[in-house]
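Colleague: Got a minute to walk me through this one? I'd like the main points, chain by chain.
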Amino acid sequence: MDYARMKFYCDESRCIECDGCSVACAEAHELPTGISRRKVVTINEGIPGKEMSTSIACMHCTDAPCQQVCPVDCFYIREDGIVLHDKNTCIGCGYCLYACPFGAPQFPRDGAFGAKGAMDKCTMCAGGPLETNSEKERHLYGQNRIAEGKVPVCAAMCSTKALLVGDAESVSNVYRARVMARGGKGANSPYGWDKAYKNQ
Amino acid sequence: MRKYIVMFIALLSLASVAMAAESQIWGEMRIQNILGYGQEESLKLGPLFTMLQHHYFAWIFLGVLIGVPGAFFIHYKIIGPKVFPHSEKKYYAFNLYNRIIHQVAAVSFLVIIPTGFIIVFGDFFGGGTLVRMAKNLHGIFTIPFTIVVIPMALMWVKEAIFNMDDVKWLMIVGGYLSKEKKPILAGKFNCGQKMWYWVAILGGITMILSGAFMYFLDFKMQMLHDLTGMSQIDMLRAAAIIHNVMGFAVLALFITHVYMSMFAIKGAVHSIITGYVEEEEVKILHSTWYKKLKDQGKF
């Protein structure tokens, strides 16, 4: 079976900084305080015409740099391009964060010395290496909505449909249609795609 | 006392600001960090670190780990160790303070170096509990080393300053390439020991600082940002690169230090255990020092 390549796309012209995606994510996966797999960022705040918001999480990169630097090799990339990792193998060294273009890896502090715990990041709602939809998987990685045939919760929740997730072709089609409808405005490559998907 | 409590609290808050609103990594800076990743005008530390860690660091560590002891094994087989008679005349060279400071550093290194290896070759060890424990020990045993590094630096700095003897020492590689026992020019510390001193002290401090950066991860030091013009994430990337590169040097010289004291010069290790050095050993390997001690009537 030929797998489609899954991608995230956030349309800056639609994102209204409502934070719905990050709240939905944190609630759906029951993330501890301080861990935000997805974050909405606004730049040039208050400058007319320049203000822009976007939602950022792990982009599930092609040739993911996190996987390349991991000293314990805890990352694996699914055939549909989703980048996942094994929290039982992860030692919380932080190397993936240094390699990541998007600042996606998060580190809870645990233990008496406040050492970094196992890394946590967006799974594109695809869980982890443990048995699909098991209690253990849900506890460590959150919901596995992909396995249930559901859209990742952030995109499902997005009120303006700025945040899209899906196979590369469908996302590209929506993107192209929107750019056409806007009369070609914002025809640059989607934000972050150059780094994540090498514009492919 | 209050000062220490305040310092302790400050340190704790330093560690716990990790996910606070003023995060230096996940906060406002995040967009700039993303936009700057690999851009022409940036330092490109992200891609540089990725490339080095992906392709080189582990292999270089493996090379040092096999290469340096390998070379010494050949040296041991071909040239062999230097054996000095255990004469009755001894000189008390290292007092209790010197020895305690040295031993604390020694124990720290004996934990820090093997655990560092377990982290570098974490995939070989399968990650998980073992490697996580190694990572924690790697950090915990930095504390005793941090405590002794400055006293150690101060107590030996006078003897560790390079002079003309060292040029001559280097030209004959300390006489270690010959079996002959000719007096070799050197003070209390020879050129090799001096090199180890500077790598252990300056390199050690560099390792402590770069390691602390990676441990605390998300802290705010405006002064450092102003000084380097780097964002927090770029400083962490630089710290990771420096920590690895400096690790090669510290590792290579640590192995050398152990080989010299335990194998190449039979019994040399006892000088740092008991504090006494053998006359013959000093006479040959530290002849400048020997002359000085002789003049003072110490032997």
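Modeller: Sure. One term before we count: helices here are DSSP runs (H or I) of at least four residues, and strands are DSSP runs (E) of at least two. Also, this is a predicted model.

Colleague: Fine. How many helices and strands does chain B have?
Modeller: Chain B has 14 helices and two strands.

Colleague: And chain A? How many helices and strands there?
Modeller: Chain A comes to seven helices and eight strands. Its radius of gyration is 17 Å, close to the 16 Å that the globule rule gives for 200 residues, so chain A is as compact as a globular protein of that length.

Colleague: What are the spans along the principal axes of chain A?
Modeller: The C-alpha trace of chain A spans about 55 × 45 × 30 Å. For chain B, the C-alpha atoms fill a box of roughly 70 × 50 × 40 Å.

Colleague: What share of each chain is buried?
Modeller: In chain A, 46% of the 200 residues are buried. In chain B, buried residues make up 32% of the 299.

Colleague: And contacts between residues at least 24 apart, what percentage in chain A?
Modeller: Take the chain A contacts between residues at least 6 apart in sequence: 55% of them join residues at least 24 apart. In chain B, residues 24 or more positions apart account for 76% of the contacts with a separation of 6 or more.

Colleague: Let's look at strands. Is E1(A) covered on one face or both?
Modeller: Both faces are covered. On one side sit A:Met6, A:Phe8 and A:Cys10, on the other A:Lys7 and A:Tyr9, and all are buried. That fits the count for strand E1 (residues 6–10) of chain A, where five of its five residues are buried.

Colleague: Which strand is it joined to?
Modeller: E1(A) is joined to strand E8 (residues 163–167) of chain A by five bridges, and the two run antiparallel. A:Met6 stands opposite A:Asp167 in E8(A).

Colleague: What about E2(A) and E3(A), parallel or antiparallel?
Modeller: Antiparallel, over five bridges. A:Val40 stands opposite A:Ser55 in E3(A). Strand E3 (residues 52–56) of chain A is mostly covered, with four of its five residues buried.

Colleague: Switching to A:Ser172. Where is it?
Modeller: A:Ser172 is in helix H6 (residues 168–181) of chain A.

Colleague: Why does it count as partly exposed?
Modeller: Because A:Ser172 has 15 C-beta neighbours inside 10 Å. Buried would take 20 or more, and exposed would take 12 or fewer. One distance to add: the C-alpha atoms of A:Ser172 and A:Pro190 are 9.5 Å apart, with the two residues 18 apart along the chain.

Colleague: Now the contact of the two chains. How many residues from each?
Modeller: Chain A gives 32 residues and chain B gives 34. On the chain A side, the elements giving two or more residues are strand E2 (39–43), helix H2 (65–69), helix H3 (95–99) and strand E7 (115–116). That side divides into 19 nonpolar, eight polar and five charged residues.

Colleague: Last topic, helices H7(B) and H9(B). Left-handed or right-handed crossing?
Modeller: Left-handed. The axes of H7 (residues 142–156) and H9 (residues 191–216) of chain B come within 10 Å and cross at roughly 145°.

Colleague: Which residues make the contact?
Modeller: From H7(B), they include B:Phe145, B:Val149, B:Met152 and B:Trp156. From H9(B), they include B:Tyr197, B:Ile201, B:Gly204 and B:Ile208. The residues of this contact divide into nine nonpolar, four polar and no charged.

Note on methods. Residues are numbered from 1 along each chain as its sequence is written. Chains are lettered from A and ligands numbered from 1 in the order in which they are written. This is a predicted model: local features need pLDDT of at least 70, side-chain atom pairs count only at pLDDT 80 or more; totals for chains, interfaces and linings use all residues. Two residues are in contact if their C-beta atoms, placed from the backbone, lie within 7 Å. Ala, Val, Leu, Ile, Met, Phe, Trp, Tyr, Cys and Pro count as nonpolar, Asp, Glu, Lys and Arg as charged, and the others, Gly among them, as polar. Axes are lines fitted to C-alpha atoms, for helices over the stretch in contact, and angles run from 0 to 180 degrees between N-to-C directions. A crossing is left-handed if the near helix is turned anticlockwise from the far one by less than a right angle, and right-handed if clockwise. Two strands pair if DSSP finds at least two bridges between them. The radius of gyration is taken over C-alpha atoms; the globule rule is 2.2 Å times the number of residues to the power 0.38.
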